[in-house]
Amino acid sequence: MIPDLSSTFAWLEANPQVLKGICRGVECEALRINTNGSLAQTSHPESLGAALTHKWITTDFAEALLEFVTPVDDDIGHMLALLRDIYRYVARHLGDEHLWPMSMPCFIDSSHPIELAQYGSSNIGRMKTLYREGLKNRYSAPMQIISGVHHNFSLPLAFWQAYTGITDEVSGKEEISAGYLRLIRNYYRFGWIIPYLFGASPGICPSFLNSCTTDLPFEKAQSGVIYLPYATSLRLSDLGYTNKSQSQISITFNRLDEYVSGLKQAIKTPSTDYQKMGMQKDGRYLQLSTNILQIEDELYAPIRPKRVTQDDESLSDALMRGGIEYVEVRSLDINPFSPVGVDEEQARFLDLFLIWCTLAEAPEMSMEELFCTRANWNQVILEGRKPGLMLGIDCGGTEQPLVILGKTLFSDLRRVAGTLDSNNGDTNYQKVCDTLVARFDHPELTLSARFLDQLIEHGISELGLILANDYRQMLREEPLQVLSEVQFDNERLQSWQRQRALEASDILSFDEFLAHQNRR
């Protein structure tokens, strides 16, 4: 059920200034493709800098999978303008290659192996590549080149001071962490609204199925695309970026020490399947370890608690040292209707929803309830636009229509919007509510419905090339707004210098380095 926030909203509306200074950042992934729509086989372009150490441009799983990172920013417009500058710069330095404008991969030629991301000869660079070798061997390479948008979010200290009565971040770290964990629990309960509104992967290229088996009842259009008629985000399904083998992990979000303990246990617990795979074959490493998780980043979750780490510090240790600093939302598909994969409407919605998740009551969640919430997510992911779709509101089988739940939630979000707009002297957040709430009565307005129509008409390869060409031309012609060519060139040179310095500073052999990492 949607919690009652009447008294909380009265407090918020009397103290709107506590929401000034929300910080955000985005990480957007994009595959490099050839002019025929196939995956690029070239190495990460040297003209973009060193992927290991560049502040804004790196790679994720594969050499062909770019990742663009914005700094922390308290202004949505500035953040997106900077992101667009990164896309503009990259578009001008890719030669004939293009950026694939959707989450599910382009045509994958099984005769051409997907090259893992390479980060130089330093121990840390080699470990990053080996971690990806483990991902490939555990889950397959095509699954790892599914792209998405990660949105980082934090509330200002003034909010926590007013809401919880703390004095500062250090002495109040437990209260702040408890607040973010409340956000996360509500995100699990109600976050299905994100794939409903913004899921944009209802179809896939047939070549993707060469690497996996599925019993999903796909339909095939004359254009060749394979799809589910009511799907919103196949990227988030078991077909996409999830890991069913991690269902044995007992990680809850009730207390920070329990979360960290569960994460550390998964990193230390052997996996029967991965032990059979082994650590090495013919003298070559196959994975970082034979445990359920190689490192913390391997945990597939729609949202993660985060803190910036210090030198040689794990995320778990950083969280225990300083508490939760921000959350990383991981449920956004690439928006194919935006040249940079995400737009202002989505960023403003996430402000509204994540603030609501922080304010709403959130009883502790058992592992059983976590699995129940996953059932709701799966329904929305696979058939979110199906007329009359019902979602569970408890683990006892009680259901309500998705449409009713969504519109009820938006009545709350509109009050948060009014508070944010009062700070800014405009109605931008309320306009987002007006636009998005209509998608419950008119699911044809969702991103997945609009995009599926185009996929069925053109096919995934043709549509991907149409959009990639249009966006490439647009971005190449636009002037930079926030960063300059000089800044990009300086960062490119400095990134190579930083990588070389790392390589020169190693004092352990790679075997010794790995042994040290596994003992931590």
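What radius of gyration does the chain have, with its 520 residues? The chain has 22 Å, which agrees with the value near 24 Å for a compact globule of 520 residues; the radius is taken over C-alpha atoms, and the globule rule is 2.2 Å times the number of residues to the power 0.38.

Before I go on, this is a predicted model, in which local features need pLDDT of at least 70 and side-chain atom pairs count only at pLDDT 80 or more, while totals for chains, interfaces and linings use all residues. Residues are numbered from 1 along each chain as its sequence is written, and side-chain values use heavy atoms, with hydrogens and water left out.

Along its principal axes, the C-alpha trace spans about 65 × 55 × 50 Å. The chain has 18 helices and 14 strands, which are DSSP runs numbered from the N terminus (helices H or I, at least four residues; strands E, at least two).

Of the 520 residues, 57% count as buried, meaning under 20% relative accessible area, whereas exposed means over 50% and partly exposed lies in between, with a 1.4 Å probe and protein chains only. Turning to contacts (heavy atoms within 4.5 Å), residues 24 or more positions apart account for 76% of those in the chain with a separation of 6 or more.

Let me finish with one residue, E368, which is found in helix α12, residues 367-383. E368 counts as exposed because its relative accessibility is 53%. From C-alpha to C-alpha, E368 and T8 are 29 Å apart in space, and in sequence they are 360 residues apart.
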